[in-house]
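Please open the structure in a viewer and keep the selection panel at hand. The tour below proceeds from one selection to the next.

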Amino acid sequence: MDLGAVIIAVAGVAGTLGGSFLTQRAAERARRRELELVRDQDEIREYLLLRRTCYAELNRDARQFTTALNHHLHLLREGAVEEAHRDALDEAKRAHRDRYSTAQMIAPDDVLACASTVNQALNRVYGQVKRLEQGEPEPGETMATAAQAQAEIWDLLRTMRTTMRRDLGVSASE
């Protein structure tokens, strides 16, 4: 066999082996990209589920806090506030605070802005209710002004819920 034939044979074998190696590496890169894509999609789904759960709980607890404030105002008017009622109001406040704290770490800025507005309004009314209960209202604070401020929270809750639903892709507008 002459040297030229040997070189051609070696080049053929090297080409075949090299082609197999390159094909294998390309297939591995494609599998890695596919796994990364699947992982990214899973992370997106998990984040969406986390936001959905957070929003549902924040909405529920903000509504319950608003309802507890309303109930407490009714009890104040009747002069029938007992320790159990104070505890129930404080528990509603704690639950909302905990959900709001979670939302601060998860929600995007537009949702967090609405949640912050609701949180501030709830805490403002809570302060009014407690001062009225203790007989130490600030100037201009009355049962009527506290009730009006509490009633206005429902509009803020609707805005927050609409913003959350839009963020989740549930609706374009409500």
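Contact, as the word is used on this tour, means heavy atoms within 4.5 Å. The model on display is predicted.

**First stop: Ala149**

Select Ala149, which is placed in helix α4. Is this residue buried, exposed or in between? Ala149 counts as partly exposed, because its relative accessibility is 21% and the buried class is reserved for values under 20%. Leaving aside residues up to four places away in sequence, Ala149 touches Val125 and Gln128. Now add Leu122 to the selection: its C-alpha atom is separated from that of Ala149 by 8.9 Å, with the two positions 27 residues apart along the chain.

**Second stop: Leu122 and the nonpolar core**

Keep Leu122 selected and display its surroundings. Which residues does Leu122 touch, not counting those up to four places away in sequence? They are Ala62, Phe65, Thr66, Leu69, His96 and Ile153. Next, select Tyr55, Phe65, Leu69, Leu89, Leu122, Val129 and Met160, the residues with the most contacts inside the largest nonpolar core, a set of 34 residues. At least two residues of this core come from each of α1 (3-78), α2 (83-106), α3 (109-133) and α4 (143-168). In soluble globular proteins, nonpolar side chains tend to be buried together.

**Third stop: helix α3 and its end**

Select α3 and place a distance label between its end C-alpha atoms. The label should read 35 Å, which agrees with the 36 Å that the 25 residues of α3 should span at 1.5 Å a residue. Then move on to Gly135, which follows α3 and has a positive phi, near 75°.

**Fourth stop: Arg131 and its partners**

Select Arg131 together with Glu138 and Glu141. The side chain of Arg131 forms a salt bridge with that of Glu138, at 3.8 Å from N to O. A salt bridge also joins Arg131 to Glu141, with an N to O distance of 2.6 Å. What does the pair of Glu141 and Arg131 tie together? Glu141 lies in the loop between α3 and α4 while Arg131 belongs to helix α3, so the pair links parts that are 10 residues apart in sequence. Colouring by accessibility separates the three residues: Glu141 counts as buried at 13%, Arg131 is partly exposed at 23%, and Glu138 is partly exposed at 44%.

**Fifth stop: a salt-bridge network**

How many salt bridges does a search of the whole structure find? The search finds 12. Select Glu57, Arg60, Asp61 and Arg99, which are joined into one network by salt bridges that share partners. Within this selection, zoom in on Arg60 and Asp61, whose side chains meet at 3.0 Å from N to O. Asp61 is buried, with a relative accessible area of 4%, whereas Arg60 counts as partly exposed at 37% relative accessibility.

**Last stop: a nonpolar surface patch**

Finally, switch to a surface representation and select Leu3, Val6 and Ile7. These residues make a nonpolar surface patch of about 290 Å². Leu3 is found in helix α1. At 64% relative accessibility, Leu3 counts as exposed.

How values were computed
Residues are numbered from 1 along each chain as its sequence is written. This is a predicted model: local features need pLDDT of at least 70, side-chain atom pairs count only at pLDDT 80 or more; totals for chains, interfaces and linings use all residues. Side-chain values use heavy atoms; hydrogens and water are left out. A nonpolar core is a set of buried Ala, Val, Leu, Ile, Met, Phe, Trp, Tyr and Cys residues joined through side-chain atoms within 4.5 Å. Buried means under 20% relative accessible area, exposed over 50%, partly exposed in between (1.4 Å probe, protein chains only). Helices (H or I, at least four residues) and strands (E, at least two) are DSSP runs, numbered from the N terminus. The expected span of a helix is 1.5 Å times one less than its number of residues. A salt bridge is a side-chain nitrogen of Lys or Arg within 4 Å of a carboxyl oxygen of Asp or Glu. Patches are made of residues with over 30% relative accessible area and no salt bridge: like charges are joined within 9 Å, nonpolar side chains (Val, Leu, Ile, Met, Phe, Trp, Tyr) within 5 Å. Accessible areas come from the Shrake-Rupley method with a 1.4 Å probe; for residues, only the protein chains shown count as cover.
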